[in-house]
2 protein chains.
Amino acid sequence: MAVGIRDVARAAGVSTATVSRALGKGPVSEALREQVEAAVRATGYRPNLSARRLRSQAAQTIGLIVADIRNPFFTAVSRAVEDAAYQAGMRLILCNTGEDAEREALYLRLMQEERVTGVVFAPTRRTAERLRPEDFAFPLVLIDRTGPPGGHDGVVLDNLAAGAALVDHLVEQGFSRIGGLFGSTSSTAEERRDGYGAAMRRHGLEPRIRTVLPDAEPAEAEVARWLAEPGRPEALILSNGLILMGAVRAARAAGLDLPGGVALAGFDNEPWTDLVAPGLTVIEQPVAEIGAQAMGLLFDRLKTPGQPVRKVVLSGRLIARGSTARR
Amino acid sequence: MAVGIRDVARAAGVSTATVSRALGKGPVSEALREQVEAAVRATGYRPNLSARRLRSQAAQTIGLIVADIRNPFFTAVSRAVEDAAYQAGMRLILCNTGEDAEREALYLRLMQEERVTGVVFAPTRRTAERLRPEDFAFPLVLIDRTGPPGGHDGVVLDNLAAGAALVDHLVEQGFSRIGGLFGSTSSTAEERRDGYGAAMRRHGLEPRIRTVLPDAEPAEAEVARWLAEPGRPEALILSNGLILMGAVRAARAAGLDLPGGVALAGFDNEPWTDLVAPGLTVIEQPVAEIGAQAMGLLFDRLKTPGQPVRKVVLSGRLIARGSTARR
DNA sequence: GCGGACTATGAAAACGTTTTCACAGCACCT
DNA sequence: AGGTGCTGTGAAAACGTTTTCATAGTCCGC
């Protein structure tokens, strides 16, 4: 049943070494190469990747660890990473932490045990802080989130600028009681918060900051509470797509229409954001670019291990829609 | 640098066999087990999974091959499959074919080479037709899509009933010029189409069927064309979430509101479907159940290889919303 | 007190490849 | 003619585990 390289070698009348070379890149005469290929077809041979990896000590595998695969931002980035891996002849292991530090640790351990070539990782803040390069035998590139400076290569959005851009836009549209609801688990949400805060103060406005687990349900609950309070904000900034969705739900449930009842502006130009109500104003992230750059950094580091740590900062693009129209 | 089981054995003053047994389930005295664990901690040993798999001939890995990870239906199913795999102590390899037969073949080959324990697969119609059990050394469970009867275990929606249910609902709401737009690549879309056709005829109505690549852009283009024709349908049935999204876009672009301009009903209760306009009527699929059942079938077959092929058929649930309100 | 059954352990084989090493054959240079 | 260097090939080692096999020790029933 299980046909191995020995069987192919026997069928082709050559040694296993020759079969290996014919299938790989070793020097083999044209005649033998054809014999081997015929034998492979005849026997239906499929190489055993575990054996190959064990012997050649090259996993040809990259790991991708994301926080939440339901978040379209991460699925889009995954596609880009997958394409790059595929083009480089590498396999991809995709893992999902659900923003859970324990699962992050589990999957990082798994990557070590798989002896992967490299890893692209979107860590929670807690994990990012204790990520030490010397603990890993492979290059680790952070995306979306970032750790302490100088640790690992990374590619992130210019979150301070993006947070500020949303404030500037809302102020320009005539809003002033602008609240900000940010995810609690990522450095990215923190930076967006800081950009928001700085811009508010620059405009002479008082920041109103709240924090929530970055998922739709908790966000909806928090926004519902907020909108029920006296002196509730005229406008809200939401730090990612899931939180934005929760906010839309809460506004809808409170009977507030956009932007009259409350204005909303968020992150991630997800496919549905232009379909709801008057259209949602968002900062679009260059998702494909993020994935591609991450793989670029990874391959560069594999080629030149000693080079200084690099951090690529990409700019978002404001897409103004009806949810923040002038009051 | 690379610490192996030999190093642990030396540090603990035992043989490699004992280390292996202490880490696995073999019989080892308590004293030695503790010595070994201490040595593991001291050396920072991480087992090499390639070596382990090669020797033990148990990959402890299941493969999941889906058509399009951007489709929330598949991401939801993935979560369920991942949870089940995780609970069974297995790793998951997730692959994305983009409805491309060539990539399907590539990934199936990869699964063979990885010597996976089993595979869960949502094949295109073309691939499903030529899928022969004897070509695979592992159990293969089909989800969402299905192949010729008796081939592989599978779990699918009752698509005929679901297609018919949408027709019944629309007729009940007073629509009669009801068109159906179905994906071109899956058996599932075909079944939904047949359910639609049968129900239409049962109501004495003429089916109007069109077919499109199951993605938002092609669907939008096709619906735009359709809605511009004379005698255009009053209502449309869309065979999955991406096609539904394209239809919403096209209706919006044509200046038609829902359900006055055109009524829409589709598949997959995606998170955004209740947010757009008057809410979209959909058939909700039991996504978690589908994933869980698929893994159940897989494990059953691993346990009892000889048992007859089973096909689990689950029912969808109609969620009526404003997009099909009575005219 | 002795044989038999069981337990814990170590030495060595085995998993299926790739890679190293040795060498035969041949062309080329002096 | 005799190195020298290159090319293609096979035998065997190597990758890091788990598993088989053998063995020494212990317990138990008679």
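## Elements and model

Helices here are DSSP runs of type H or I with at least four residues, strands are E runs of at least two, and both are numbered from the N terminus. The model is predicted.

## Relation of the two chains

Two copies of a chain are related by a rotation about an axis and a shift along it. Here a rotation of 180° superposes chain A on chain B, with 0.0 Å of shift along the axis and an RMSD of 0.1 Å. The two copies are therefore related as by a two-fold rotation axis. Both copies use the same surface: 100% of the contact residues of chain A recur in chain B.

## The interface of chain A and chain B

The size of an interface is often given as the accessible area lost when the parts come together. Chain A and chain B bury about 4,000 Å² between them. Carbon and sulfur atoms carry 53% of that area. Three residues, A:Arg46, A:Glu113 and A:Leu275, supply 16% of what chain A buries against chain B, more than any other three residues. In residue terms, 40 residues of chain A and 41 residues of chain B take part in the contact.

The polar side of the interface can be counted too. Between chain A and chain B there are 21 residue pairs in polar contact, with both residues at pLDDT 80 or more. On chain A, the elements giving two or more residues to the side that touches chain B are helix H4 (49–56), helix H5 (72–87), strand E2 (91–96), helix H6 (101–114) and helix H11 (241–253). H6(A) gives the most, with eight residues. By class, this side of chain A has 19 nonpolar, five polar and 16 charged residues.

## Salt bridges

Side chains of opposite charge can pair when their charged atoms come close. Over all chains the count is 44 salt bridges. Across the interface of chain A and chain B it is 12.

Two of the pairs involve Arg91 and Glu114. A:Arg91 forms a salt bridge with B:Glu114, and the closest N and O atoms are 3.9 Å apart. B:Arg91 meets A:Glu114 in a salt bridge at 4.0 Å, N to O. That second pair crosses between chains, running from strand E2 (residues 91–96) of chain B to helix H6 of chain A.

## DNA strand C

Around DNA strand C there are 25 residues, and the nearest are A:Ile5, A:Ser20, B:Thr18, B:Ser29 and B:Arg55. Of the atoms of this strand that come within 4 Å of the protein, sugar and phosphate account for 60%. Both chains contribute: H2 and H4 of chain A and H2 and H4 of chain B each supply at least two residues of the surface near the strand. H4(A) gives the most, with four residues. By class, the surface has 11 nonpolar, eight polar and six charged residues.

Which parts of DNA strand C lie at the listed distances from A:Arg55, B:Arg21 and B:Ser29? For A:Arg55, a side-chain N or O atom is 3.2 Å from a sugar or linking oxygen. For B:Arg21, a side-chain N or O atom is 2.8 Å from a base nitrogen. For B:Ser29, a backbone N or O atom is 2.8 Å from a phosphate oxygen.

## DNA strand D

DNA strand D is surrounded by 25 residues, the closest being A:Thr18, A:Arg21, A:Arg55, B:Ile5 and B:Ser20. Sugar and phosphate make up 60% of its atoms that come within 4 Å of the protein. Helices H2 (16–23) and H4 of chain A, and helices H2 (16–23) and H4 (49–56) of chain B, each supply at least two residues of the nearby surface. H4(B) gives the most, with four residues. The classes are 11 nonpolar, eight polar and six charged residues.

The side chain of A:Arg55 places an N or O atom 2.7 Å from a base nitrogen of DNA strand D. An N or O atom in the side chain of B:Arg55 is 3.1 Å from a base oxygen of this strand. B:Ile5 works from the backbone: a polar backbone atom is 2.7 Å from a phosphate oxygen.

## Backbone details

A cis peptide bond joins A:Leu258 and A:Pro259, with omega about -5°. A:Pro259 sits in the loop between H11 and strand E9 (263–267) of chain A. Chain B has a cis bond from B:Leu258 to B:Pro259, with omega near -5°. B:Pro259 lies in the loop between helix H11 (241–253) and strand E9 (263–267) of chain B.

B:Arg115 is not a glycine, yet its phi is positive, about 55°. B:Arg115 lies in the loop between helix H6 (101–114) and strand E3 (118–121) of chain B.

Notes:
Residues numbered from 1 in each chain as written. Chains lettered and ligands numbered in written order. Predicted model: local features only at pLDDT ≥ 70, side-chain atom pairs only at ≥ 80, totals over all residues. Heavy atoms only, no water. Contact = heavy atoms within 4.5 Å. Buried area = accessible area lost by both parts, 1.4 Å probe. Salt bridge = Lys/Arg side-chain N within 4 Å of Asp/Glu carboxyl O. Polar contact = N/O pair within 3.5 Å; in protein donor to acceptor, adjacent residues only side chain to side chain. Nonpolar A, V, L, I, M, F, W, Y, C, P; charged D, E, K, R; others polar. Near = heavy atom within 4 Å. Least-squares fit on C-alpha atoms with pLDDT ≥ 70 in both.
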